[in-house]
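User: I would like to go through the assignments in this structure and see, for each label, which value and which cut-off stand behind it.

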Amino acid sequence: MNYIGSKHSLIGFLKSSIAKTLEENGENRLPNQMVFADLMAGTGVVGSMFKQDGYSIIANDIQYYSYVIAKHMIENNGNLNEGRCAELIADLNNLEGIEGVIYQNYCYEGTERQEFRRKYFTEYNAKKCDAIRIAIEEKHNREIINDNEYFFLLGSLINSIDKYANTASVYGAYLKKF
């Protein structure tokens with residue numbers, strides 16, 4: 001995820017520092033015998049990398065989006081039917097856009113008052129995001145999808161819509177031109 005606070009660039013340092021500390025302390029346990037705590041997990045990139053190495057992960061953050069990402073990238077590993085998820089994504093991708101919260105607040109065309117107009121997303125992408133987000137919630141509420149699928153789809157939406165955001169890695173401001 002393109003995020004100004006991402007710790008992606010620290011992964012190499014963290015891995016080598018942990019390995020050195022374990023070696024200095026005479027620890028020779030395998031990663032699958034240890035727990036990695038990803039405090040202030042944010043985009044979940046650090047926890048998910050350590051998960052891939054075999055560590056059990058504890059992730060924490062105050063932001064709800066981070067909780068969703070952690071459920072998606074860390075907890076969901078191995079708990080999903082790939083064929084079913086592919087079908088769900090295809091169905092969501094085929095939705096027509098709607099004018100929801102993202103459109104009304106983060107899209108230039110969707111904001112009525114001139115002084116509040118923002119260019120975080122194009123009209124098309126804002127409407128598409130709204131349609132997918134609402135459909136995911138409806139499917140979960142109607143128990144068409146389970147919790148694992150819900151967090152997979154919602155986490156996938158968060159990660160993918162970030163690729164279409166008109167920002168320079170920070171959502172405090174948008175670029176003035178698309």
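User: Which residues does Thr43 touch, not counting residues up to four places away in sequence?

Analyst: In this predicted model, Thr43 touches Met1, Tyr3, Ser6, Tyr65, Ile69 and Met73 once residues up to four places away in sequence are set aside. Each of these counts as a contact because heavy atoms of the two residues lie within 4.5 Å. Thr43 itself is placed in the loop between strand 1 and helix 2.

User: What makes Thr43 count as buried or exposed?

Analyst: The relative accessibility of Thr43 is 6%, and buried means under 20%, so Thr43 is called buried. For the protein chain as a whole, buried residues make up 34% of the 178 residues.

User: Where is Met40 found, and why is Met40 counted as exposed?

Analyst: Met40 is found in the loop between strand 1 (35-39) and helix 2 (45-52). Its relative accessibility is 64%, and the cut-off for exposed is over 50%, so Met40 falls in the exposed class. The backbone of Met40 also deserves a remark, since its phi is near 55°, a positive value in a residue other than glycine.

User: What is the phi of Glu143, and how do you know whether Glu143 is buried or exposed?

Analyst: Glu143 has a positive phi of about 60°, although it is not a glycine, and its place is in the loop between helix 6 (123-141) and helix 7 (147-161). With a relative accessible area of 71%, set against the limit of over 50% for exposed residues, Glu143 is therefore classed as exposed.

User: Why is the pair Glu27 and Arg29 called a salt bridge?

Analyst: The closest N and O atoms of Glu27 and Arg29 are 2.9 Å apart, and the criterion asks for a side-chain nitrogen of Lys or Arg within 4 Å of a carboxyl oxygen of Asp or Glu, so the pair qualifies as a salt bridge. Glu27 has a relative accessible area of 33% and Arg29 one of 44%; the partly exposed class runs between 20% and 50%, so both residues are partly exposed. In total, the structure holds 7 salt bridges.

User: What makes Lys127 and Glu99 a salt bridge, and which parts does the pair tie together?

Analyst: The N to O distance between the side chains of Lys127 and Glu99 is 3.7 Å, which is within the 4 Å limit, so the pair counts as a salt bridge. Lys127 lies in helix 6 and Glu99 in the loop between helix 4 and helix 5 (101-106), so the salt bridge ties together parts that are 28 residues apart in sequence. Leaving aside neighbours within four places in sequence, Lys127 is in contact with Gly97, Ile98, Glu99 and Tyr103.

User: How do you know that Glu99, Glu123 and Lys127 belong to one network?

Analyst: Lys127 also forms a salt bridge with Glu123, where the closest N and O atoms are 3.2 Å apart. These two residues both lie in helix 6, 4 residues apart, about one turn of the helix, and Glu123 is partly exposed, because its relative accessible area of 30% falls between the limits of 20% and 50%. Salt bridges that share partners join Glu99, Glu123 and Lys127 into one network.

User: Why is helix 4 called oblique to helix 7?

Analyst: The axes of helix 4 (residues 82-93) and helix 7 come within 11 Å and cross at roughly 50°. That angle lies outside the parallel class, under 35 degrees, and outside the perpendicular class, 65 to 115 degrees, so helix 4 is oblique to helix 7. The contact is made by Arg84, Cys85, Leu88, Ile89 and Leu92 of helix 4 together with Glu149, Phe152 and Leu153 of helix 7; by class, it has 6 nonpolar, no polar and 2 charged residues. Helix 4 passes helix 7 in a right-handed crossing.

User: At what angle do helix 3 and helix 7 cross, and which classes of residue form the contact?

Analyst: The axes of helix 3 (residues 64-75) and helix 7 come within 8 Å and cross at roughly 120°, and the crossing is left-handed. By class, the contact of helix 3 with helix 7 has 11 nonpolar, 4 polar and 1 charged residues. Among those that meet are Tyr65, Ile69 and Met73 in helix 3 and Phe151, Phe152 and Gly155 in helix 7.

Methods:
Residues numbered from 1 in each chain as written. Predicted model: local features only at pLDDT ≥ 70, side-chain atom pairs only at ≥ 80, totals over all residues. Heavy atoms only, no water. Buried < 20%, exposed > 50% of the residue type's maximum accessible area, 1.4 Å probe, protein only. Axes fitted to C-alpha atoms, helices over the stretch in contact; angles between N-to-C directions. Parallel < 35°, antiparallel > 145°, perpendicular 65-115°, else oblique. Left-handed = near helix turned anticlockwise from the far one by under 90°. Nonpolar A, V, L, I, M, F, W, Y, C, P; charged D, E, K, R; others polar.
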